[in-house]
Amino acid sequence: MRDRLREFVRRLVPSGSVVQRTMKSGIWVSVTTVSVRFSQILMLIVLARLLSPRDFGLMGIALLTVSATRRFTDIGINAALIQDVEENVDKYLNTTWSLEAGRGLLIFAVLFVAAPFIADLFSEPGATTLIRVLGLSPFLIGLRNPGVVYFQKDLSFHKNFVWQSSAALTQFVVGVAYALYSPTVWALVFASLSRSFVKFALSYVLHDYRPWPAFEIETARKLIDYGKWITGASIVGFIYSEGDDAFVGWFLSATALGFYQYAYRLADTPASEFSGIISQITFPAYSQLQDDLDEVREALIQTTRLTAFVAFPLAFGIALVTPSFVPVVLGEEWEPMIVTMQILALYGLMHAITRNFGAVWKALGRPDYIAKLGFLRVCCIALLIWPATARWGIEGTALVVVGVYILPMLPIDVYLAARIVNGRSMQLYTEYVYPLVAATVMFGSLRYATSVTDLSPLVELVVLVPIGALLYFVVAYLLERQFDWGIEHNLRMIRDGLRG
């Protein structure tokens, strides 16, 4: 039995051709993402029963502040190293470590000084200490071993699994244990810090590279030259992905922010995290295939099909079960976020089916697309968010975020993704049709069933999830048989890649 287990694990270690390594890496990235996100969501569900929405809102203000400083100083070094055609990038790592360590120290100093002013901006003086303590997190991250970049560059995601999941498990244990001892916002703070510390410590255990303070001007210039658009994309990305959070916290209240952020996390995570798996493993794969545009185009279509196959039922399913999920799992205190969570499930879908495009743009040397499209999205949201939030509260904020993604951003994203690989937009839109039909049948059928029955939220939740999954797969199977959709071919490719 032990020998069989060893052989199974050995076969999953990424090796072979690019396709085979990508498939095997996909298993490790999937396991990593599921384990990390599951532990985080489980922690949040447990803490939702112990803490108040206001506690989550205060933590949200602190995290927004830390995230802003990190995003505004992100110079895209890791992306530059992964994209570099050279397999060995050791000559860049000392400079990388010096840049990241300096950045972490700068962020900590800025947060320590600016904390009271930021807290006053949100009319929450209690957030000052939270911001200062959480400033230690980017400092620890800046000191981690730069050799961990090889986990992605070499598709060595089995090592990344140990690194990420160990930190997530520590975060869960610390957060829940502290909340049981003292149910305050500090449970969230110490959980976050523990994760950063474990990642810092394990980075030196899992990779044998040992950085030394050094700084080469030419090396830094090369890395930063590639990363300048990553920096722009990171800044704009913060504004459009977390700017709505900041606006809700400032315009409404910390409690409203707690509801909004919690709804966002639960609605966006399942579908978008799956697409994140695809994006994480395909960026290095696309980078290795960048000289063969036909292969990149085919890979883009295949990953779009697979992402849509999973994202549509997850998003529609979340919208369907939210009215029963919230009171049963989180408690009646969280019911004000039900409609917002249903709306944001559509954001999770849009986010998921376009997320992989960024990997293509970066791999083919156009990271500027990410920044420019993000800027356009920010402008559209900025025009609408104030009147919508003033009229409908957090539901209005959610409507703006979703509406802007649907139009004009989705058509533009699809067009640029197709054009950069010499393809056509319709090739990508076609991959959305079949899962949309299957998910719509699932949602419509079960929504009608719930409207004509009188079941308790608990029974409704228990019944909807398995029946919804079964119904979706039955419809998907019929579409595959009738129209030769192609998803069966995708799944067989994954199976063959793993066997290889």
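## The largest pocket

Start with the open space: the largest pocket has a volume of about 1,000 Å³. Keep in mind that this is a predicted model. The pocket's lining runs to 34 residues, and L266, P270, L314, I318 and V465 are the ones nearest its centre.

Which helices build that lining? At least two residues each come from α2 (18–50), α12 (254–288), α13, α17 and α18 (457–483). Helix α13 gives the largest share, with ten residues. As for chemistry, the lining of the largest pocket splits into 26 nonpolar, five polar and three charged residues.

## A closed space by α13 and α17

Now for the enclosed spaces. Searching the whole structure turns up two cavities of 30 Å³ or more. The second largest cavity holds about 30 Å³ of space. Around the second largest cavity you'll find R297, L300, I301, A418, V421, G423, R424, Q427 and L428.

Helices α13 (293–330) and α17 each put at least two residues into this lining. The largest share is again from α13, this time three residues. Sorted by class, the lining of the second largest cavity has five nonpolar, two polar and two charged residues.

## Where α16 meets α17

Helix α17 also has a packing partner. Two packed helices are described by the angle between their axes and the distance between the axes. For α16 (residues 394–420) and α17 (residues 425–451), the angle is about 120 degrees and the axes sit 8 Å apart. That angle makes α16 oblique to α17. The crossing of this pair is right-handed.

What does each helix bring to the contact? From α16 come L410, P411, V414, Y415, A417 and A418, and they meet S425, L428, Y429 and Y432 of α17. By class that's nine nonpolar residues, one polar and no charged ones. Two of these names may look familiar: A418 and L428 also belong to the lining of the second largest cavity.

## Where α3 meets α6

The other pair to look at is helix α3 (residues 53–72) with helix α6 (residues 127–134). Their axes come within 9 Å and cross at roughly 45 degrees, so α3 and α6 are oblique to each other. Is this crossing left-handed or right-handed? Helix α3 passes α6 in a right-handed crossing.

On the α3 side, the contact uses L58, M59, I61, A62, L63, T65 and V66, while α6 offers A127, L130, I131 and L134. The class count for this contact is ten nonpolar, one polar and no charged residues.

## Two backbone oddities

Most residues other than glycine have a negative phi, and most peptide bonds are trans. Two spots in this model go the other way. A cis peptide bond links L407 to P408, with omega at about 20 degrees. Where does P408 sit? P408 is placed in helix α16, the helix that packs at about 120 degrees to α17.

The second spot is S123, a residue other than glycine whose phi is positive, near 60 degrees. S123 is found in the loop between α5 (90–121) and α6. Helix α6, in turn, is the one that meets α3 through A127, L130, I131 and L134.

Note on methods. Residues numbered from 1 in each chain as written. Predicted model: local features only at pLDDT ≥ 70, side-chain atom pairs only at ≥ 80, totals over all residues. Heavy atoms only, no water. Axes fitted to C-alpha atoms, helices over the stretch in contact; angles between N-to-C directions. Helix = DSSP H or I, 4+ residues; strand = E, 2+ residues; numbered from the N terminus. Parallel < 35°, antiparallel > 145°, perpendicular 65-115°, else oblique. Left-handed = near helix turned anticlockwise from the far one by under 90°. Contact = heavy atoms within 4.5 Å. Nonpolar A, V, L, I, M, F, W, Y, C, P; charged D, E, K, R; others polar. 1 Å grid on protein atoms, 1.4 Å probe; cavity = no way out; pocket = protein on both sides within 12 Å on 5 of 7 lines; lining within 4 Å. Points joined across faces, edges and corners; volume = space filled by probe spheres on them.
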